[in-house]
Amino acid sequence: MAPLEWALLILITFFSFVFVLLMGPSRRFRDGPIGKLYRFLTHDASVTFRTHARRLLGTGNYEYLARIYDWVLFGRNPLAQTLYLTLLTIGVVIFLMYGWPEVPGPYVHWFNVYTIPPTILFTYAAFARACFSDPGVIDETNVQKACEVYDYDHLIFHPKDCATCKIQKPARSKHCSLCGSCIAKHDHHCIWVNNCVGQKNHKYFLLFLFATIFIAFYATVVIVLIFLGKIHEQGLHNFHYTNQAGRTYKVPMYKVFIYMLHKNVLLGSLAILAVLTGMIVLFFTLGHVLTILNGITTNEGLKWEDIDGLIRQGRLIRNKPKDDPLARQAIIVDKVDPTNADQSDPVQSLEELENIYDRGVWGNLMDLLFPQPI
């Protein structure tokens, strides 16, 4: 295989793997082939690996490798963070070596000379801000204030103490086992920034996503314009060939681009890497923004999926005054008793329940950008 084909194969394989890891647990994909592949990669493959590794390596060597395996896949480590920084830096170096000398060009406007450097610096800055910002760590000094920000809905959040931190868990918070702390309005732990995303840094995480999307598509467009300039300078846009029958044909533009990719492997690979990165991060970001505008965090989305499962099982019963007086909307029963009159009014769908944390699109956006201090 030619270098370009190898580069394409590696990039497509890598981003397919990332796509499965990102989207496999989601409600949209979890019951389909992507969800099955996600479970295989994160569970079945792990079990198979551990079973055969213990037999082949012996107990001592196996336990040593198992600790490394758990640290890589399930521990808080900078591997994904380093990978992002490495790919970004390699991409910047390749562009500065092979793309920057072509700016400006026949199709690349002169203003790009002044917009490309700030774009690169801004992406690094957004990445650093997301990595090192406080997500909203809760401890004894601020737990009382954190508890005042959101009410308990007594459906997905109930008043209780964190078994690890030994403090009250505010509504919408979650204990992160990787960070070792309870995080206010916990969304998720992001391996790419090696940090939790929570009440105090959610906006910086979004800024990091937008910066990544922008630089990815910006780089793709600039490289395509550079290639167009080279094509016209070399007259390839009017290149013709004559077949064995003596007929003359104009070479299709896509074949000209393939030729340019072969002649400029590094710059072409960078464009492919950039467009694949931009598409995957854009897809993830659109789904993420949609949940934000609906007043739901990623953690809460998983909880609502559990509630949906309880509804399908008929285990979510509409609350009545003599039942749990704190449960605003419904209560969960372990087993439905059809002879019990109190269980005669099960919730039929999620639409019947109210998300008390949804303040409307504008309110949710303001809550993200200007969170209450804790």
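**Exercise 1.** Is Leu65 buried, partly exposed or exposed?

*Solution.* First, know your model: it's a predicted one, where local features need pLDDT of at least 70, side-chain atom pairs count only at pLDDT 80 or more, and totals for chains, interfaces and linings use all residues. Residues are numbered from 1 along each chain as its sequence is written, and side-chain values use heavy atoms, with hydrogens and water left out.

Next, the cut-offs: buried means under 20% relative accessible area, exposed over 50%, and partly exposed in between (1.4 Å probe, protein chains only). Leu65 has a relative accessible area of 38%, so Leu65 is partly exposed.

**Exercise 2.** Find the element that gives the most to the nonpolar patch.

*Solution.* Start with the members: Leu56, Leu57, Tyr64, Leu65, Ile68, Trp71, Val72 and Leu79 make a nonpolar surface patch of about 760 Å². (Patch residues have over 30% relative accessible area and no salt bridge, and nonpolar side chains are joined within 5 Å; a salt bridge is a side-chain nitrogen of Lys or Arg within 4 Å of a carboxyl oxygen of Asp or Glu.) Helix 2 (33-57) and helix 3 (59-74) each give two or more residues. Helix 3 wins with five, and Leu65 sits in helix 3. (Helices are DSSP runs, H or I, of at least four residues.)

**Exercise 3.** Work out which helix gives the largest share of the largest nonpolar core.

*Solution.* A nonpolar core joins buried Ala, Val, Leu, Ile, Met, Phe, Trp, Tyr and Cys residues through side-chain atoms within 4.5 Å. The largest has 39 residues, with Phe227 among those with the most contacts inside it. Helix 7 (202-233) is one of the elements that give two or more residues. Helix 7 takes the largest share, twelve residues.

Terms used: Patches are made of residues with over 30% relative accessible area and no salt bridge: like charges are joined within 9 Å, nonpolar side chains (Val, Leu, Ile, Met, Phe, Trp, Tyr) within 5 Å. Accessible areas come from the Shrake-Rupley method with a 1.4 Å probe; for residues, only the protein chains shown count as cover.
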